[in-house]
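Trainee: Got a minute to go through a structure with me? I'd like to talk about helix packing and salt bridges.

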Amino acid sequence: MTSVTIDQRATGYSLGHALCMAHAADLAYKDKKTIENTAREWGFPRVRHHETRFSPPFPLEDTQAYTIAGEHMIITGFRGTEPTNMRDWLSDATTPPWPGPGGKGYVHYGFGEALDSIWPQVHEALDEFRDNGQTIWFTGHSLGGALAMLAGARLHFEEPRLRADGIYTFGQPRTCDRLLAREFNTAFADRMYRFVNNNDVVPQLPPEPAFHHVDALRYIDSKGKLHDAMPLASGLVDRARGLTADALAPASDGVRDHFINNYISALEKNQR
C-alpha cells in the first residue's frame, strides 16, 4: 500500500488526517495478513479482525471490519460493498426500519442488522485496547461508512465512556431517519466528516424522505476540488458537469465516483 504516516495525536479535522482515514477505510477491503502488516507499518501493533455471517433479506452475506491500536490512537475500519450489490436493497421501500442506537429514531434495516451482527466483537476490542486513554476513530467507505457512523452513535448514546473522537466516512449512503440525524448532528458537530465525490451513486440512496444524511458534508466537485459545503443549486450544476465529463459513458459516472481509490486520489490532489 501507499506509504502512510498517521499522527496518533491528531484531534479534530484536517485534510491530512482525512487522507489517512481514507487509506484506513481502503485497508478494510484487504486480506487479514495485509491488514496486520500495514497496521504495524503505521505504528499500530495490536490488531483484531471482526467478521460475521448472517442471512438478511437482501444480498449482504457478512460484515467485516478491523480494529488496530497504537500508543495514542485506536482505529476501527468497516468494509464496504460494491454499489451494484447495494442499489436494489437500498431502494426497497418495503424494508422495515431498525431501532436506532439508544432508542434514537430508526436506521435502515440492513445497516442495523449488519452492525448488530459484529458489534460485540468491535466493542470487546475497543474495551481491551483502550488502556492508555487512546483516542477512538471510526472510518469506512460505502456500507462501511454507514456502519462507522452508527458505531459512533452507538458508543455515544449507549456507552459514552468509549466516546468516539472522530468519524470519517467516504461515499456513505443515507443511514437513518430525521430524528436520529438531528440527535447525531448535535452530538457530533465537531467529530463527523462525511465525504461525497461528485455523482457517487451510493450517497443518493436509500431514497428520501424516509432516510436522511447527517451533516458535516465535505464535497469533492467534478474537477476534484474539495469544499467544506456545497449549496444545493451549485451542487446540481456541478453534478451535471460531472455527468457530461465522459461523453462515452455518462451513466457510469455514479459508480466510478464511488470507488475508494478516487476519494484517495482527490484528497491527495487537494493536499498539493
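What follows is a short chat about this predicted model.

Trainee: Is α4 parallel, perpendicular or oblique to α5?

Mentor: Helix α4 (residues 109–129) and helix α5 (residues 143–158) pack at an angle of about 60 degrees, and their axes sit 10 Å apart. Roughly perpendicular begins at 65 degrees and roughly parallel ends under 35. So α4 is oblique to α5.

Trainee: How many nonpolar, polar and charged residues are in the contact of α4 with α5?

Mentor: On the α4 side, the contact includes Phe111, Leu115 and Trp119. From α5 come Leu143, Leu150 and Arg154, among others. The split is eleven nonpolar, no polar and two charged.

Trainee: And how does α5 lie relative to α6, parallel or perpendicular?

Mentor: Here the angle is about 75 degrees, with the axes of α5 and helix α6 (residues 178–187) 11 Å apart. Anything from 65 to 115 degrees counts as roughly perpendicular. That puts α5 in the class roughly perpendicular to α6.

Trainee: How many residues apart in sequence are the parts tied together by glutamate 128 and arginine 48?

Mentor: Their side chains meet in a salt bridge, 2.6 Å from N to O. Glutamate 128 lies in helix α4 and arginine 48 in strand β1, so the pair ties together parts whose separation is 80 residues.

Trainee: Is aspartate 26 buried or exposed?

Mentor: Aspartate 26 forms a salt bridge with lysine 30, with the closest N and O atoms 4.0 Å apart. The cut-off for buried is under 20% relative accessible area. Aspartate 26 has 14%, so it counts as buried.

Note on methods:
Residues are numbered from 1 along each chain as its sequence is written. This is a predicted model: local features need pLDDT of at least 70, side-chain atom pairs count only at pLDDT 80 or more; totals for chains, interfaces and linings use all residues. Side-chain values use heavy atoms; hydrogens and water are left out. Axes are lines fitted to C-alpha atoms, for helices over the stretch in contact, and angles run from 0 to 180 degrees between N-to-C directions. Helices (H or I, at least four residues) and strands (E, at least two) are DSSP runs, numbered from the N terminus. Angles under 35 degrees count as roughly parallel, over 145 as roughly antiparallel, 65 to 115 as roughly perpendicular and the rest as oblique. Contact means heavy atoms within 4.5 Å. Ala, Val, Leu, Ile, Met, Phe, Trp, Tyr, Cys and Pro count as nonpolar, Asp, Glu, Lys and Arg as charged, and the others, Gly among them, as polar. Buried means under 20% relative accessible area, exposed over 50%, partly exposed in between (1.4 Å probe, protein chains only).
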